[in-house]
Amino acid sequence: VSAFTKKPKTTEVTAGSTAVFEAETEKAGIKVKWQRAGTEITESEKYVIKAEGNKHSLTINNVGKEDDVTYAVIAGSSKVKFELKVKEPEKSETVSPAEAAPAPAVSESPAPPAESCQNREAASSGTQPEEPVDPIGLFLTRPQDGEVTVGGNITFTAKVAGESLLKKPSVKWFKGKWMDLGSKVGQHLQLHDNYDRNNKVYTFEMEIIEANMTFAGGYRCEVSTKDKFDSSNFNLTVNEAPIPADLDIRAAFRRTSLAGGGRRMTSAFLSTEGHEEGGEFNFSALLKKSSFLRSVNRGEAKCESQSDVDVWEILRKAPPSEYEKIAFQYGITDLRGMLKRLKRIKKEEKKSTAFLKKLDPAYQVDKGQKIKLMVEVANPDADVKWLKNGQEIQVSGRYIFEAVGNKRILTINHCSLADDAAYECVVGEEKSFTELFVKEPPILITHPLEDQMVMVGERVEFECEVSEEGATVKWEKDGVELTREETFKYRFKKDGKKQYLIINESTKEDSGHYTVKTNGGVSVAELIVQEKKLEVYQSIADLAVKARDQAVFKCEVSDENVKGIWLKNGKEVVPNERIKISHIGRIHKLTIEDVTPDDEADYSFIPQGFAYNLSAKLQFLEVKIDFVPREEPPKIHLDCLGQSPDTIVVVAGNKLRLDVPISGDPTPTVIWQKVNKKSDLVRSNEDSMTPSENGSDLNTDSKLLSESEGRVRVEMHEDHCVFIIEGAEKEDEGVYRVIVKNPVGEDKADITVKVI
């Protein structure tokens, strides 16, 4: 997802004028950098950089021809490239980019499908050809599949009806599943749109300029309005540029001879029939031509030779540690072994009597091809032996010996790397030596890398396919080679023709451009690593728990792979027999059994890798048990209660003892009274008379019968009370009332005493 809502576009200005590029970010405060040809721009009089909220601009003053380069604006992991095209002021007429772009060589390549031709004709003429109208969705015309040759241009067009739309629809172009091409606008890609007010039709175009093989694949165009959405898929096929029929790849490797007064003549190293041409093999010149051969094998139809590079001279000056790098760069196989063997070849040999013409010092042949090694002997009847690395060669289907007059020929068919060796031709005591170097063809990238976008921590796997199994490739990140020493971060894998670069746990720093290189091709892909977004479906809640109960804190997050830690008052919780931590799917739990007062605290769950802190409090409920004494109303237990009359007869002079069982909690207070029933007055032992309240309560001025000594006395015990009269007299006759009281009630009983 691009961080830019408005992106700078390629601009053409006149030399000496001012160029202004503007960009807008999705959010304000995002740091934005501007680059010129890959180097960050610093503010100066020439370059003015402004930032106001989410609006950013780059102003280039006094534009010159040297400013005609590629620029870029970067925000986070989003990078948008654009160009500044500078034209000379004296030119009054400018040529449009479509006219300036070289047209593909139609005569040299097969005619592309009708869709491609239509697209290109529409781009050049400005009119859209007849295409089927789309009756479904938002599209009037959908982009069609296209085909283009390497280096050619192609335009894909989509049309949207604007009659029913209140505002311009939003259109996005994608390559593959997700790569938004809006951030790739630049030298090879341009996006255009226009509105036909008469017909009320929006036209959107995606123009691919100077296509290369990596542009091939599936594309998608998405159009959306406020309440509608539609998309259309289409494919681009990129064909290799044709190689001119008269170009002889092997002609790049020449042997030279002096003829015609010293004028240097060149001839093919091997003729089409495989016969050897005369002349001395110039290996240094062969090395100089290696870069040209590589370009031809890659299918680049460039007949002009690149500037000569003396690889032999580079190798002589380079330390041994650089041999492998130089060999890879210039497409030489086993260059160290080649140099080592060449140094052993004697530059000057004594004149031979057995050989009229000896073997050349060295030969080179492409893998899978055949080669003929030939000598001329002085004696036409002489027998020769052919040796490979000191061992005599036996006749077989691959090795053929020929004797034609004075010529002795060894033919090696279907050369493999095993044939890369030292060879000898032996006649009697004399020998002729040579070295045969078998050159592997350039390794081509048949399936390029694909851009990827992952979240932090996810696994990244870049995959490409090359033309040979087990080929040697180089991986780079942002132009810096990734070496085997960095295996703690990167892992390299080969599986047949497939090559892999694996990053097990990606980080934000892994974002960038990754390149795989062979000696015959390059493929680049972009990796975008985004911060993870974690949603909390259920947070932990406060708990109030009683002693010996169970407390469970539970939360649920959107990613089941996210781990986390639990904290108690800021310190990590350590599980034990009583405290358990579990993680099942998206749910994380902290369980505390048999809660104690020490468990009361603030608890938190922190997901690893995210700025989240889910907190809750555990409150311990202390149960206070207050002692509440048992309360029971007082009760008098007399067997005769409820019977009438309750009379006790005693003989004068005898002792009267009344045992009255009682109960109550708390222990009741016992009051004895002598009652005058007729007037309902209370009589005390002083014979005083006072009205009774409700016939039960005593007057506070009365003297109670509560003496514990004397003739009339009262004794108190826990579960009963005793009323005693010693030597009963006639005046003791009457009604006696016993009252028992406690805070929860009272009880009473009347007992009549008769003295006879």
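Two residues are in contact when heavy atoms lie within 4.5 Å. In this predicted model, residues 24 or more positions apart account for 60% of the contacts in the protein chain that have a separation of 6 or more. A look at the whole chain helps to set the scene. Its secondary structure consists of seven helices and 58 strands. Of the 756 residues in the protein chain, 39% are buried. The accessible surface comes to about 43100 Å², and carbon and sulfur atoms contribute 48% of that area.

Confidence is worth a glance before turning to details. The mean pLDDT of the protein chain is 76, with 74% of the residues reaching 70 or more. Over residues 245-308, however, pLDDT stays under 50, and the model gives this stretch 111 contacts beyond four places in sequence. The pLDDT is also below 50 over residues 678-703, a stretch with 45 contacts in the model beyond near neighbours in sequence.

A single residue, Gln-499, offers a friendly way into the local structure. Gln-499 belongs to strand 37, which covers residues 498-503. Gln-499 counts as buried because its relative accessibility is 2%, and the cut-off for burial is under 20%. A polar atom of the Gln-499 side chain lies 2.9 Å from the backbone oxygen of Ala-471. Ala-471 also appears among the residues that Gln-499 touches once those up to four places away in sequence are set aside. Other residues touched by Gln-499 include Phe-462, Glu-463, Cys-464 and Val-466, along with Gly-470, Val-473 and Trp-475. Lys-493 and Lys-494 are likewise in contact with Gln-499.

Methods: Residues numbered from 1 in each chain as written. Predicted model: local features only at pLDDT ≥ 70, side-chain atom pairs only at ≥ 80, totals over all residues. Heavy atoms only, no water. Helix = DSSP H or I, 4+ residues; strand = E, 2+ residues; numbered from the N terminus. Buried < 20%, exposed > 50% of the residue type's maximum accessible area, 1.4 Å probe, protein only. Polar contact = N/O pair within 3.5 Å; in protein donor to acceptor, adjacent residues only side chain to side chain. Areas by Shrake-Rupley, 256 points an atom, 1.4 Å probe, with all protein chains shown as cover. pLDDT = per-residue confidence, 0-100.
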